[in-house]
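Thanks for asking for a second pair of eyes on this one. Here are my notes, set out as numbered points that you can follow along with the structure open.

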Amino acid sequence: RMYTKIAYDHFMNPRNAYLMDSSNGEGQVGDPACGDSLMLFIRVENNIIEEASYLVFGCPASIATSSMTSVMVKGKTLEEALSIKEQDIIDALGGLPKGKEHCSNLGVSALRKAIKTYKENCK
């Protein structure tokens, strides 16, 4: 199965792909099985994720899922963001090719780590 138009668009035109200097939460994850890695940055104000960005190294699915994750979390409370599941990202992209679904784990794992570091840093 090929990539959907939405997934292809997020791969070819990734949203929010930059190093954020003003982040107050960061999460870094990697998948040793395929070599993909993601660093996700969030800026939280009043319990709302005001900004999200990332740096990613990986396949088209990793880039698309990272892009979609950054789009999905903006404007959400920390609790809402923590409720995002891998399948939510896959569904938002209109699906992923068989064997590429695991790439959504990167976004969710990095997001949870970024929220954890935010909470640790802002005690």
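1. Which residues does Thr77 touch, not counting residues up to four places away in sequence? Please keep in mind that this is a predicted model. The contacts of Thr77 on that count are Asn47 and Ile48. Thr77 sits in the loop that runs between α2 and α3. Along the chain, Thr77 and Ile48 are 29 residues apart, yet their C-alpha atoms are 4.3 Å apart in space. While you are at that loop, have a look at Gly75 too: just after α2, Gly75 has a positive phi of about 85 degrees.

2. Next, the sheet. Three strands make up an open sheet in the order β1-β2-β3, and the pairing is antiparallel. β1 and β3 are the edge strands, each pairing on one side only. From one strand to the next, the twist averages 15 degrees. The antiparallel pairing of β2 with β3 runs over nine bridges, and Met39 stands opposite Leu55 in β3.

3. Two helices pack on that sheet. α2 touches β2 and β3, and its direction makes about 170 degrees with that of β3. α5 touches β1, β2 and β3, with a direction about 145 degrees from that of β1.

4. α2 deserves a closer look. This helix has 14 residues and reaches 20 Å from its first C-alpha to its last, close to the 20 Å expected at 1.5 Å a residue. Twelve of those 14 residues are buried, so α2 is largely enclosed by the rest of the structure. Among the buried ones are Ser62, Thr65, Ser66, Ser67, Thr69 and Ser70, alongside Ile63, Met68, Met72 and Val73. The cover over the buried residues of α2 includes α1 (5–12), β2, β3, α3, α4 and α5.

5. Ala61 is a good residue to click on in α2. Ala61 has a relative accessible area of 0%, so this residue is buried. Beyond its neighbours up to four places away in sequence, Ala61 touches Tyr3, Leu96, Lys100 and Cys103. Ala61 and Tyr8 are 53 residues apart in sequence, with 8.7 Å between their C-alpha atoms.

6. What about α5? Its 18 residues should span 26 Å at 1.5 Å a residue, and the end C-alpha atoms are 26 Å apart, which agrees. Buried positions in α5 include Ser104, Gly107, Val108, Leu111, Ile115 and Tyr118. β1 (25–31), β2, β3, α2, α3 and α4 are among the elements that cover the buried residues of α5.

7. Which residues have the most contacts inside the largest nonpolar core? They are Ile42, Ile49, Val73, Ile89, Leu93 and Leu111, in a core of 30 residues. At least two core residues come from each of β2 (36–45), β3 (48–57), α2 (60–73), α3 (78–82), α4 (86–92) and α5 (104–121). α5 gives the largest share, seven residues. For a local view, try Ile89: leaving out residues up to four places away in sequence, Ile89 touches Thr65, Met68, Thr69, Met72, Ile84, Ser104 and Val108.

8. Last, the charges. How many salt bridges does a search of the whole structure find? The search finds four. Asp9 and Arg15 join through their side chains at 2.6 Å, N to O. Asp9 is partly exposed, at a relative accessible area of 28%, and Arg15 is partly exposed with a relative accessible area of 28%. Glu51 and Arg43 form another salt bridge, with their closest N and O atoms 3.1 Å apart, and both residues are buried.

9. The bridge between Lys116 and Glu120 has its closest N and O atoms 4.0 Å apart. These two are four residues apart in helix α5, so about one helical turn separates them. Lys116 counts as exposed, at 53% relative accessibility, while Glu120 is partly exposed with a relative accessible area of 45%. Elsewhere, Arg43, Glu45 and Glu51 are joined into one network by salt bridges that share partners.

Key
Residues are numbered from 1 along each chain as its sequence is written. This is a predicted model: local features need pLDDT of at least 70, side-chain atom pairs count only at pLDDT 80 or more; totals for chains, interfaces and linings use all residues. Side-chain values use heavy atoms; hydrogens and water are left out. A nonpolar core is a set of buried Ala, Val, Leu, Ile, Met, Phe, Trp, Tyr and Cys residues joined through side-chain atoms within 4.5 Å. Buried means under 20% relative accessible area, exposed over 50%, partly exposed in between (1.4 Å probe, protein chains only). Contact means heavy atoms within 4.5 Å. The expected span of a helix is 1.5 Å times one less than its number of residues. Two strands pair if DSSP finds at least two bridges between them. Axes are lines fitted to C-alpha atoms, for helices over the stretch in contact, and angles run from 0 to 180 degrees between N-to-C directions.
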